[in-house]
Amino acid sequence: MNVHRTKAKSELLFLALGGSGEIGMNVNLYCCDGKWLMVDLGMTFADPHYPGIDLVFADLEFIEDRRKDLLGVVLTHAHEDHIGAVPYFAEELGVPLYATPFTARLVQAKLDEAGIADRVKLNILPNDSAFSLGPFDIRYVPLAHSIAEGNALLIDTPHGRIFHTGDWKLDDEPRVGVPATEEELREIGDEGVLALVCDSTNVFNSAASGSEGAVRAGLLESVAAQRGRRVVVTTFASNVARLQTLGEVAQACNRQLCVAGRSLDRIIGVAKASGYLKDFPDTISPEAAMDLPRGEVMVLATGGQGEARAALARIAGKQHPITLEAGDVVLFSSRQIPGNELAIGRIQNTLADRGINIVTDRQSMIHVSGHPGRPELVALYDWIQPEMLVPVHGEIRHMAEQARLGLSEGIPRAIVQKNGDLVRLAPDGPVKIGEERAGRLLLDGELIVPADGEAISARRKLSQFGLVTVALAANREGKLVSPVEIASIGLPLDDDMAAFVAEAQADVAQAIRDMKGDRKRDPLALAEAVRLAARRATQRWTGKKPVVQVMLREG
Ligand SMILES: [Zn+2]
Ligand SMILES: [Zn+2]
């Protein structure tokens with residue numbers, strides 16, 4: 001598609017650059033009559049597929065090419081999969097950001113840390129506020145989620161209204177914030193909604209997510225049962241409602257609260273500055289906590305996802321001022337994020353091996369999800385009555401299932417789109433009208449590089465097969481003029497290494513002698529013959545084909 005066409009046409013488009021076809025790095029774009037609006041700018045955490053990488057971002061080239069028509073970035077809430085890429089791309093995008101106060105404070109801290117706060121305009125909007133960006137009239141509609149200030153966006157355009165849910169759930173007792181009521185949501189539906197762009201994360205859950213209020217009761221019961229034992233609770237730092245609940249539980253159980261982990265300290269500070277956690281108890285230091293009788297302290301710790309450097313891992317590994325003994329208890333008031341199971345399992349095994357009891361959300365009601373199960377999705381469809389459904393925030397299977405669910409519940413039209421699919425919502429939508437560049441970028445050290453680049457695939461090969469380096473010098477006639485030197489990294493040969501090296505050296509020398517005619521004088525052909533000989537020798541000794549690096553000098 002060329003830029004000219006979207007500008008000329010009077011239409012409403014949707015394009016996800018991230019978050020559709022995966023759970024993470026949400027970047028959604030709307031285009032109205034040639035003007036673009038970005039909703040969220042998130043990142044995702046890397047998996048072992050990207051060795052040495054922590055953070056993954058959406059490739060923004062599509063919208064960077066249309067920067068002059070981009071009006072702003074509206075952030076729904078402060079989870080990393082919605083704001084995590086902001087410090088890396090906001091300056092380059094060069095457009096204002098919009099966020100509600102709690103989200104804005106966390107974004108501000110990221111901009112400060114990146115040293116770009118004076119170059120990025122961050123607009124802080126009150127909860128429930130409305131504002132306009134070109135042809136888009138936008139209203140924040142608060143919805144419950146597992147973080148303070150979860151928001152949907154009601155986006156009014158000349159082509160119709162979009163209800164972009166953000167991450168959400170229904171909760172009668174959210175404990176923090178005031179989500180839109182059924183009545184308010186029905187009112188939005190009554191005024192007419194063209195497209196519901198909706199969270200798909202938990203579409204396979206047949207039950208509703210459950211209430212924070214129920215978690216309070218479950219946590220109270222679980223902690224009260226631990227008389228005389230030291231209790232550690234781990235949860236997501238950004239779940240302000242859960243922090244409030246845990247503060248109350250500590251007080252109700254006559255336990256002093258100790259906070260272990262920087263991200264908890266930071267979020268508690270931001271939450272208080274944003275008017276939350278007003279009655280949060282004063283906390284005590286780890287040292288003071290250790291001086292109290294075991295049954296009079298409750299420790300809030302980061303690291304429930306198995307993060308190796310977080311407080312819980314260090315407590316489990318006896319590398320933290322907080323110590324636990326057999327009979328003490330760790331409560332996991334959190335869900336296992338897919339991909340973290342092994343790391344979490346390692347910590348739980350370490351704790352269990354030391355006789356420390358573990359309580360998870362599978363044994364007790366101590367966690368609920370922040371995303372809607374089927375009953376909540378069905379309720380929202382009924383209230384909003386959209387003309388079409390656009391599932392987002394899911395892998396393909398989640399989005400396809402939500403499309404099926406929506407259609408079966410009477411939504412007239414639905415479209416399963418994925419990152420890069422350009423979708424026309426109006427007129428005559430939804431219909432896919434093109435495919436645009438969408439890909440992944442990696443933060444590799446201090447550089448941002450394409451995920452499909454040479455460096456990462458080489459590193460993947462190295463990590464699996466090891467490296468053999470062959471150094472030699474040959475003259476112009478292709479005759480060896482130095483001994484063949486061989487070094488290796490990651491070959492499992494131990495005591496056989498010297499014998500392997502001797503054989504590989506002989507093989508390489510032989511391969512050079514075997515070269516015929518002009519090929520001998522071609523350094524590239526010579527290097528390739530050396531590479532193959534070294535690789536064959538390694539395969540003979542190890543059964544594996546390593547990466548072989550040839551350093552050929554002319555002697
Ligand atoms: Zn979220
Ligand atoms: Zn999310």
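By contact I mean heavy atoms within 4.5 Å. I'm working on a predicted model.

**Helix α8**

I started with α8, residues 240-252. I listed its buried residues: Val 240, Ala 241, Arg 242, Leu 243, Thr 245, Leu 246, Gly 247, Val 249 and Ala 250. Then I looked up what these buried residues pack against, and got the helices α5, α7 (212-224) and α9 (262-273), plus the strands β14 (231-234), β15 (256-260) and β17 (297-301).

I also checked the length of α8. With 13 residues at 1.5 Å a residue, α8 should span 18 Å, and its end C-alpha atoms are 18 Å apart, so the two agree. Just past α8 I noted Asn 254, which has a positive phi of about 55°.

**Helix α5**

α5 turned up among the packing partners of α8, so I followed it next, as residues 101-114. α5 lies across β7 (97-99) and β8, and runs at about 155° to β8.

**The sheet**

Which strands make up the open sheet of eight, and in what order? I read the order as β8-β7-β6-β3-β2-β1-β22-β23, and the pairing is mixed. β8 (122-124) and β23 (431-435) are at the edges with a single partner strand each, so each has one side without a neighbour in the sheet. On average, neighbouring strands here are turned by 25° against each other, direction ignored.

I zoomed in on one pair: β1 (residues 12-18) and β22 (residues 421-426) run antiparallel and are joined by four bridges. Opposite Leu 12 I found Ala 426 of β22.

**The zinc site**

Which residues coordinate the zinc ion (ligand 2)? I get Asp 81 (OD), His 82 (NE2), Asp 167 (OD) and His 393 (NE2), at 2.1 to 2.2 Å. Along the sequence I wrote the spacing of these donors as D-H-x84-D-x225-H.

Why is the arrangement around this zinc ion irregular? The angles between its four donor atoms run from 88 to 161°, and tetrahedral would need all angles between 85 and 135 degrees.

Asp 167 does a second job in my notes: this residue bridges the zinc ion (ligand 2) and the zinc ion (ligand 1), with the two ions 3.5 Å apart. I then placed two of the donors: Asp 81 is in helix α3 (residues 80-83), while His 393 is in the loop between β20 (386-392) and α14 (396-408), so this pair ties together parts 312 residues apart in sequence. Buried or exposed, I asked of Asp 81 and His 393? Both are buried.

Conventions. Residues numbered from 1 in each chain as written. Chains lettered and ligands numbered in written order. Predicted model: local features only at pLDDT ≥ 70, side-chain atom pairs only at ≥ 80, totals over all residues. Heavy atoms only, no water. Donors = N, O, S within 2.8 Å, 3.2 Å for Na, K, Ca; no water. Tetrahedral: all angles 85-135°; square planar, octahedral: opposite > 155°, others 65-115°. Buried < 20%, exposed > 50% of the residue type's maximum accessible area, 1.4 Å probe, protein only. Pairing = 2+ DSSP bridges. Axes fitted to C-alpha atoms, helices over the stretch in contact; angles between N-to-C directions. Expected span 1.5 Å × (residues − 1).
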